[in-house]
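Colleague: Before I rely on the terms used for this fold, I should like to hear the grounds for each of them. Could we go through them in turn?

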Amino acid sequence: TPVLVHLLTEKGKGYPNVESSPVRFHSVKGKAAKQPAADELPIYSEVFGDTLLRMAEQDDKIVAITPAMREGSGLVEYSEKFPDRYFDVGIAEGHAVTFAGGLAAEGLKPVCAIYSTFMQRAYDHLIHDVALQKLPVIFCLDRAGVVGGDGATHQGAFDLSYMLHLPNMVISAPRDGNELRDLMYTAKQYQGGPFSIRYPKESCVAYDPNAEPRVLEIGRWEMINQGEDVLVLAVGATVNRAQEAIEILSREGDNPGLVNMRFIKPLDVEMLDSIASRYSHLVTLEENSQVGGAGSYVLQYIQENHPGTIQVTNLALPDTYVEHGSRTEVLHRVGLSTQDITDKLRRIAQRTHHTTAEVS
């Protein structure tokens with residue numbers, strides 16, 4: 001006779017404090033943890049939850065899916081207000097993705113909230129059950145880039161690399177909370193296939209909850225500062241650090257330009273074609289592995305379409321597993337803090353000036 005055994009795991013078994021409050025003790029930050037100020041901006045996951053709630057109020061086809069990450073993904077309020085349109089599938093990321101594909105095939109608008117590092121578990125499902133059929137599933141990848149305290153297993157270092165080579169996939173990254181909201185509304189309108197939005201575990205830099213959402217043109221970047229000679233293409237959370245670095249350099253007499261590369265796929269090839277003839281050095285900046293990431297994608301396009309016209313430098317996470325530490329500590333360790341970016345751009349600008357003087 002067949003027997004079905006259903007095993008229920010109990011977090012913190014044997015430790016009463018954790019048994020009675022498993023969510024609180026899932027990630028313990030210690031006594032010295034910083035307490036948020038009353039006027040502090042929300043983190044990206046909170047903006048995600050707030051935006052999804054508003055989208056669901058306007059459209060009853062919106063459904064949310066999470067693999068046991070309700071609190072971390074910012075879905076507590078949503079789950080309470082729309083219990084019939086909220087699905088926690090447990091620690092089963094592959095099922096979450098396939099389930100989302102099935103809902104999309106039936107005309108619903110599934111939003112699948114998964115941490116970047118956990119989406120790796122659903123890679124085969126992503127290809128065969130969503131991307132191949134061009135199903136309009138929205139993937140919101142929290143904890144993208146450097147996570148910090150959770151260590152090597154949780155760093156979101158690979159999602160750009162493993163998403164980029166999937167046909168039919170739109171890949172994006174917001175520079176702040178306002179752009180996250182805009183990208184979510186853009187994804188909601190898009191019916192051409194899956195749409196991925198990656199964002200980090202940190203403050204959202206800027207967010208106006210009362211602003212009207214905008215639908216962005218897919219594949220179009222934002223020129224923040226034209227500058228001269230050197231142009232930085234920054235992805236997502238690195239835009240703010242790049243701005244800070246450029247402000248420092250401008251006071252020293254250098255003037256690098258800056259582009260918000262909010263769409264990683266498709267590339268803004270129109271802007272890239274223009275860039276190739278106007279700048280001498282291009283710097284890509286991202287919190288993703290340097291292997292196969294946004295920088296590699298840009299470099300491939302430049303080499304194939306504008307060989308020998310412009311130098312390209314990729315600033316990204318090293319080809320190694322990024323170990324434990326606070327986000328600030330880890331960013332400095334991997335060379336992606338504001339100071340590190342400033343130093344690297346300064347050296348590039350100096351070399352560019354020297355080369356230009358030699359040519360002249």
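The discussion below takes up strands, a helix and nonpolar cores in turn.

Modeller: Please bear in mind throughout that this is a predicted model.

Colleague: What makes strand E3 (residues 109-115) largely enclosed?

Modeller: Buried means under 20% relative accessible area. Six of the seven residues of E3 fall in that class, so the strand is largely enclosed by the rest of the structure.

Colleague: How do you know that E3 pairs with strand E1 (residues 62-66) and with E4?

Modeller: Pairing requires at least two bridges between the strands. E1 and E3 are joined by four bridges, and E3 and E4 by five, so both pairs meet the criterion. Each of these pairs runs parallel. Ile62 has Lys109 of E3 as its bridge partner, while Ile114 is partnered by Leu141 in E4.

Colleague: Why is strand E11 (residues 281-289) called mostly covered?

Modeller: Nine of its nine residues are buried, that is, under the 20% cut-off.

Colleague: Which strands pair with E11, and how many bridges support each pairing?

Modeller: Five bridges join strand E8 (residues 230-234) to E11, and six join E11 to strand E12 (residues 311-317). Both counts satisfy the minimum of two, so both are pairings. The strands run parallel in each case. Ala234 is bridged to Leu285 in E11, and His281 stands opposite Gln311 in E12.

Colleague: Which helix completes a β-α-β unit with E11 and E12, and what is its handedness?

Modeller: Helix H12 (residues 294-305) does so, and the unit is right-handed. With the strands pointing away from the viewer, the path from the first strand over the helix to the second must therefore run clockwise.

Colleague: How do you know that the buried residues of helix H7 (residues 123-131) share one side?

Modeller: Those residues are Leu126, Val130 and Ala131. They cover an arc of only 70 degrees around the axis, which puts them on the same side of H7. Their packing partners are helix H5 (93-105), strand E4 (138-142) and helix H8 (159-164).

Colleague: Which residues touch the most other members of the largest nonpolar core?

Modeller: Of its 77 residues, these are Phe48, Tyr78, Ile197, Trp221, Leu233 and Leu272. Helix H2 (residues 44-58) supplies the largest share of this core, seven residues. Another core lies apart from it, with 23 residues, among them Ala157, Val232, Val239 and Ile348.

Technical notes:
Residues numbered from 1 in each chain as written. Predicted model: local features only at pLDDT ≥ 70, side-chain atom pairs only at ≥ 80, totals over all residues. Heavy atoms only, no water. Buried < 20%, exposed > 50% of the residue type's maximum accessible area, 1.4 Å probe, protein only. Helix = DSSP H or I, 4+ residues; strand = E, 2+ residues; numbered from the N terminus. Arc of directions from axis to C-beta. Contact = heavy atoms within 4.5 Å. Core = buried A, V, L, I, M, F, W, Y, C linked by side-chain atoms within 4.5 Å.
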